[in-house]
Each structure stands twice: as C-alpha cells, then as structure tokens.
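Notebook open, structure loaded. I want to see how the strands pair and how the helices sit against them.

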Amino acid sequence: MGEIIRVQKGTKDILPADIAVWHKMEASALEIFTRAGYKEIRTPIFEATELFKRGVGDTTDIVNKEMYTFEKSERSLTLRPENTAGVVRSYIENGMHRLSAPVKLWYKGAMFRYERPQAGRQRQFHQVGVEMFGIEDPSADAEIILLALNYLKKLGLPNLSVELNTLGCSKCRKEFRALLIETLRPHYDKLCDDCKERFEKNPLRLLDCKVESCKAIFALPEVQKVIQADYTCPDCSLHFEQLKSYLDNVGINYTVNKLLVRGLDYYNRTVFEIKSENLGSQNAVCGGGRYDSLVEQLGGENTPAIGWAMGMERLAALLSEEKEEKLDIYVISNNKLEALKLAERLRALNYSVEFDMAGKKFTKQLEKAAKTAYFAIILGEDELNGGYLTLKNLETAAQIQFPLVNLADFETHTYKFISTNSSEWLQSKLSMLSSGFVM
RNA sequence: GCGGGUUUCGCCAAGUGGUUAAGGCCCCGGAUUGUGGUUCCGGUAUACAUGGGUUCGAAUCCCAUAUCCCGCCCCA
C-alpha cells in the first residue's frame, strides 16, 4: 500500500453530504439573475498572465504575490485569481459592445490565490458574480446592488449590512491621494511598518490601520480635515448623490464608509461591500464597484461597467445546513436483472431510484431502503411469479400491490405527489384504487 | 511573508512514563431464510501526523518537519 495523497493546502473536497447548500446557491443564482436579465457566461480557468497584470493591476497583492502562474510552450499562463478580467476580455474579444447596452452577465466558478489559508479563505475558492457593461447612469449602480441583496434574500440572508463609498474618477482620486500623502509625510517615521509599506502604494488604506499609534496620527485635526473633506469632482458627487437617492427610494439601508477602499486597481466611483458579523475576520461576503476604464485598458472601446463578486464558501458558512435529499424509490429484490430493468423504467419516468447490487438479504435491503428512500418497491419471488409489484410507504408502513404491466400509467398519474408529501401520495394511490382506477 | 494554537480509527473522543490504547457514531453481519427505522450481540484481521532523540520502558518528555485551525497583511 502506497502512502496516501492528500488534498493540497488551502483546497477542499466538497463532499456529497455538504453539496445541498451548493446546489441551492447555484440554483438561486440562475433564478435571481435570469429574472433581472443577466445571462450566464463561462470563461476559461486560466488566461494569459498579462491579462491580470493589466486588468487587476500590477501593484496589487493579488498580482504581485498571489497568482498561480506557469509557463507552457513559451506562454505565461495564470490560473484566474478573479473573474472580472476574464469576462471583460471575453466581452471585448466577442464584440459584445455591438450588443444593445446594457450587456448583463453573471458567472460562477473556482478562483485561485496563493495565500495563507484562514477562516473564510482558501487557495482554491468559488465566486459567484455579475458584471454589467455600457451604462454610466447610477441606476446601473443601484440595480446591481439590489441584485446582490435580492440574491442574499433568496438564500435567506436578508440582514447583512451594506457599506458604500465613492472613489471618484481618476482625477479627483489623484488629488485626494496627493493631499493625503502630503499631510501624512511629516508623521511618516511614527507610522507602523505596515503603514510605511502602504504609504506610497495605497495611502487610502492607511486610514484603516488598527495600530494605536497610527490611529492617533489619523485623529489629528489636520489629518481629519483632509479625510472628512470632499474632494470628489462635481460629476462624481452627482453620480454618488443620485445613487444614494435611488437606494433611499427603494428602501435599502446602507452606511457610507469613507474608508472603504477596494484592493483592485480598476475601481472608480462607486465601491461597496456587504458584510456579516458571523464570519470571523474575513467578514465580507460581497465586494464590488464600478470600473469604467477597464474595458479600454484591456484594448476595447471606452465602456462604463460595474459588477460584484461573492465568496461562495463564505456564503455557505452563513447558510444553515441543508438536508441530504432522499431517493424517491428503493427497489428491493434478489433478482438483480429484474431490479435493474424496473429501476431503468422508473428512472425514465424521472424518479430517483436505486436497487440492491450487494446481494443483501431481504431485511437488510429494507433497512437500507428505510434509511435512504421515501418508498420501497418490493420485487421478490412472489411478485415476479404473480406479475405485480408491492409499493411500500416507508414513513407509514402502508403498502399496496399493483400489476407490473401498467407501471407507466401508475407513475405518470402520481408523480406530482411524490415530491410534496409522500403520505398524501400514498393516500391518493389508495383512493384511486377504491374509485376503480385501473393500475 | 510574519505570529499563536492543534494533531489518538472514516467521524467524535478518553488516556499526562509500564493499559490487550476506553467509549460513542457511522458502516457491515447475526438474533429475525419476505417486512425496516427501536433493542441486543458481534465484526471493522497492525489508529497514537512523520522522522529523530531521552528512557529498562514513550500516545504521554525533548528536537525537527508536516498538517489543519486562528490572527496580521490582503481579499470574496
């Protein structure tokens, strides 16, 4: 026996016992996004490394230290660390700018980041996300935030907090950044090591620091004055005000967090996060914002765009456990060929069916049936000789017999009861029998 | 990349220098050769993360490595 091979650090099997919640997330995504006119798109797991360098930004941590990059045939390829760049690439490459705006897309799938695993963080994880292209109006921002909330509501997570901010456009952001750096420069030496690191790279992030000595500096009046002052240009301010007005009018609760900065370079104007208190330190389930210059940056026409992504593992952590689905029918028989044939007939009628392949004794087969299915169909020697089946309701123990030949009729007329309430289903069987319905 | 903790069967777990290393769950079988989910009995034919060391003797003490978990950075 060789040594066993384990899953890689930061990756996980999603086992059958835990899959129900994933089916729920995926089915809800399809339903909610389709309802708002979004179409699913599936792009490749790996892309040219250059796409992420240009798209996500080569000053970001994601690009600098977290990408799974490899060479093949003298090409540099990278496992996608996020999916916005890939979707934008596809949008451009497939000429989607010629479609009538807005172009609305959604996706789900695995992403890869080489990071130290932690609560709510894996190296392979899953995101579900949406992107909308071609609309600059703040109604697009409002719709896409509502879409996130509708999805969370569908999943039964309606009470998460929404944080909102505007980064302004490239011009107003630059001004603010320059002023902030200038104001903080006299205090540079007193900053913590992390903050010194952030000072040039991403000064907006400084303000989020948890170190007391840094907090003290940010509390200084001259620094507060810069933070609180509004440096967004009139156009950006108007956009933000309009968005807030839309949200107010549809009754969405949110808080404006001036310190909210997103770590990806492509964001401008609106950024937002949706957080939960029950997730430990990685508490954002959803993050997104506007990225009006990305399409052009990746070689397309100047196209406004906005989107968000949710971490599915984090969603799953918030969702209560879903029960494992039971089988509709378990066929009990010692004649494997007849059992297989019957199982196939029933499967063709859309039932989920299993039968015994292990050659267990009758009692054991029934025991297995009781654990895994709503109904048992007994196809033993008596039944085979007599040309009938015995149907047993495993909840009530009631059972009835019916002729084998008319199986199709029997099943079509009763299918609708099986998924709702099995007892009702059986009752209906019995009443049809007594009213002379021929099975 | 930097901290702190963890590790005993498929899962949960008792055990702190001398034990055949408890127990529970799950799974399989029997009691019950065609009527279950309760109960009782039995089984899972080399479980102490790995490699060294200390000791007459190590799951237990020491060192190293790995693992997973939790935090920092950052992100979903």
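**Strands first, then helices**

I started with strand 3 (residues 68–72), which pairs with strand 4 in the antiparallel sense over five bridges. Worth remembering for everything below: this is a predicted model.

I looked at the turn next. Strand 3 and strand 4 make a hairpin, and two residues lie between them. S73 sits in that turn with a positive phi of about 50°. I then checked one pair across the hairpin and found T69 opposite T78 in strand 4.

What else does strand 4 pair with? Strand 2 (residues 46–48) joins strand 4 (residues 75–79) in the antiparallel sense, over three bridges. I looked up E47, and its bridge partner in strand 4 is T78. So I have T78 written down twice: it is the partner of E47, and T69 stands opposite it.

**The eight-strand sheet**

In which order do the eight strands of the open sheet run? I read off 1-5-6-11-10-9-7-8, with mixed pairing. The edges are strand 1 (39–40) and strand 8 (255–256); each has a single partner strand, so one side of each is left without a neighbour in the sheet. A reminder to myself: strands of a sheet pair through backbone hydrogen bonds, either parallel or antiparallel.

I walked through a few pairs.

- Strand 5 (residues 103–112) and strand 6 (residues 124–133) run antiparallel and are joined by 10 bridges. Here K104 stands opposite M132 in strand 6.
- Strand 7 and strand 9 also run antiparallel, with six bridges joining them. In this pair E163 faces E273 of strand 9, two glutamates opposite each other.
- Strand 9 pairs with strand 10 as well, again antiparallel and over six bridges. I noted N268 opposite R290 in strand 10.

Is strand 9 buried or exposed? Eight of its eight residues are buried, so strand 9 is largely enclosed by the rest of the structure. The cut-off I used for buried is under 20% relative accessible area.

**Helices on the sheet**

Back to strand 5 and strand 6, which are joined by 10 bridges. Helix 4 (residues 84–93) packs on the sheet and touches strand 5 and strand 6. The direction of helix 4 makes about 40° with that of strand 6. Helix 5 (residues 138–154) packs on the sheet too, and I listed its contacts: strand 5, strand 6, strand 7 (161–166), strand 9 (268–275), strand 10 (284–290) and strand 11 (305–311). Its direction makes about 20° with that of strand 11.

**Helix 6 against helix 7**

How do these two helices pack? Helix 6 (residues 170–184) and helix 7 (residues 193–201) meet at an angle of about 140°, and their axes are 10 Å apart. Angles over 145 degrees would count as roughly antiparallel, and helix 6 and helix 7 are therefore oblique to each other. The crossing of helix 6 past helix 7 is left-handed. Helix 6 contributes R177, I181 and L184 to the contact, and helix 7 contributes F199, E200 and K201. By class I counted three nonpolar, no polar and three charged residues.

**A closer look at E200**

E200 is in helix 7. Its relative accessibility is 46%, so I put it down as partly exposed. Leaving out residues up to four places away in sequence, E200 touches R177, I181 and R185. Last lookup: E200 and D248 are 48 residues apart in sequence, and their C-alpha atoms are 36 Å apart in space.

Methods:
Residues numbered from 1 in each chain as written. Chains lettered and ligands numbered in written order. Predicted model: local features only at pLDDT ≥ 70, side-chain atom pairs only at ≥ 80, totals over all residues. Heavy atoms only, no water. Axes fitted to C-alpha atoms, helices over the stretch in contact; angles between N-to-C directions. Helix = DSSP H or I, 4+ residues; strand = E, 2+ residues; numbered from the N terminus. Parallel < 35°, antiparallel > 145°, perpendicular 65-115°, else oblique. Left-handed = near helix turned anticlockwise from the far one by under 90°. Contact = heavy atoms within 4.5 Å. Nonpolar A, V, L, I, M, F, W, Y, C, P; charged D, E, K, R; others polar. Buried < 20%, exposed > 50% of the residue type's maximum accessible area, 1.4 Å probe, protein only. Pairing = 2+ DSSP bridges.
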